[in-house]
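Dear colleague,

Please find below the structure that I am passing on to you. My notes on it follow directly after.

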Amino acid sequence: MPRTVVTSLQAPNPSAPLSQAIRKGPILQLSGQVAFDTAGNIVGTTVTEQTSQIMRNITAVLQAGGASLDDVVLLRVNLTDTADFAEMNTAYKKYWASNYPARTTFYGPLPDGLLVEIEALAVLEG
């Protein structure tokens, strides 16, 4: 089964040596997304604004890989500050009404201006 690089022009081009996503069979693993637009600019100064941009990026990469948010089974969230957990949850809940994906949240530094990073794992039919 081949390993396929997935790229979306609707999401930022990685500045590091990584792919936006890799698909192998029914598995689609997205790299961590941050709040960059396609020009490489940070979008937003709050966790809410950055989470919304990240979810737009995730949605674009999922679509490029033949998936949608409904196919996401796991998210890993990195926040720079434990105080931002509730705000991130409020922004995040706008994308799933129920049946949330499994999720792990951890805390650690990100480059200046970035408050949150999210990676996604999707499983597709066939």
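A nonpolar core is here a set of buried Ala, Val, Leu, Ile, Met, Phe, Trp, Tyr and Cys residues joined through side-chain atoms within 4.5 Å. Please bear in mind throughout that the model is predicted.

The core comes first. In the largest nonpolar core there are 27 residues, and those that touch the most other members are Leu28, Leu30, Ile58, Leu62, Val72 and Ile118. At least two residues of this core come from each of β3 (27-30), α1 (47-64), β4 (72-79), α2 (85-92) and β6 (116-123). Helix α1 is the greatest contributor, giving seven residues to the core.

Two further residues of helix α1 deserve a note. Ser52 is located in this helix and is buried, because its relative accessible area of 14% falls under the 20% limit. Between the C-alpha atoms of Ser52 and Leu75, which are 23 residues apart along the chain, the separation is 15 Å. Thr59 also belongs to α1; with a relative accessible area of 24%, Thr59 is partly exposed. From Thr59 to Tyr95 the C-alpha distance is 9.9 Å, with their positions 36 residues apart in sequence.

I turn next to the aromatic residues. The model contains two aromatic pairs, counting rings whose centres lie within 6.5 Å. One of them joins Tyr92 and Trp96, with 5.2 Å from centre to centre and 45° between the planes; this pair is tilted. Why is the pair called tilted? The angle of 45° is neither under 30 degrees, as stacked rings require, nor over 60, as edge-to-face rings require, and therefore the pair is tilted. Both partners are buried: Tyr92 has a relative accessibility of 4%, and Trp96 has a relative accessible area of 5%. Ring pairs connect Tyr92, Trp96 and Tyr100 as a cluster. In addition, the ring of Tyr92 has the charged end of Arg103 over it, at 4.6 Å from the ring centre.

Asn99 is found in the loop between α2 and β5 (102-107). What sets its backbone apart is a positive phi, near 50°, in a residue other than glycine. Most residues other than glycine have a negative phi. Asn99 is exposed, because its relative accessibility of 74% is over 50%. Asn99 and Val73 lie 26 residues apart in sequence, and their C-alpha atoms are 9.8 Å apart in space.

A second loop, between β5 and β6, holds Leu115. Is Leu115 buried, exposed or partly exposed? Leu115 is partly exposed, at a relative accessible area of 21%. Its C-alpha atom is 9.5 Å from that of Gly44, although 71 residues separate the two in sequence.

Finally, the pockets. The largest pocket has a volume of about 350 Å³. It is lined by 18 residues, of which Pro14, Ser15, Gly32, Val34 and Phe36 are the closest to the pocket centre. By character, the lining consists of nine nonpolar residues, eight polar residues and one charged residue.

With kind regards

Terms used
Residues are numbered from 1 along each chain as its sequence is written. This is a predicted model: local features need pLDDT of at least 70, side-chain atom pairs count only at pLDDT 80 or more; totals for chains, interfaces and linings use all residues. Side-chain values use heavy atoms; hydrogens and water are left out. Rings of Phe, Tyr and Trp (its six-membered ring) pair if their centres lie within 6.5 Å; planes under 30 degrees apart count as stacked, over 60 as edge-to-face and the rest as tilted. Buried means under 20% relative accessible area, exposed over 50%, partly exposed in between (1.4 Å probe, protein chains only). A charge sits over a ring if NZ of Lys or CZ of Arg is within 6 Å of the ring centre and within 35 degrees of the ring normal. On a 1 Å grid over the protein atoms alone, a cavity is a set of points where a 1.4 Å probe fits but cannot get out, and a pocket is an open set with protein on both sides within 12 Å along at least five of seven lines; lining residues have an atom within 4 Å of a point. Grid points are joined across faces, edges and corners, and a volume is the space filled by probe spheres set on the points. Ala, Val, Leu, Ile, Met, Phe, Trp, Tyr, Cys and Pro count as nonpolar, Asp, Glu, Lys and Arg as charged, and the others, Gly among them, as polar. Helices (H or I, at least four residues) and strands (E, at least two) are DSSP runs, numbered from the N terminus.
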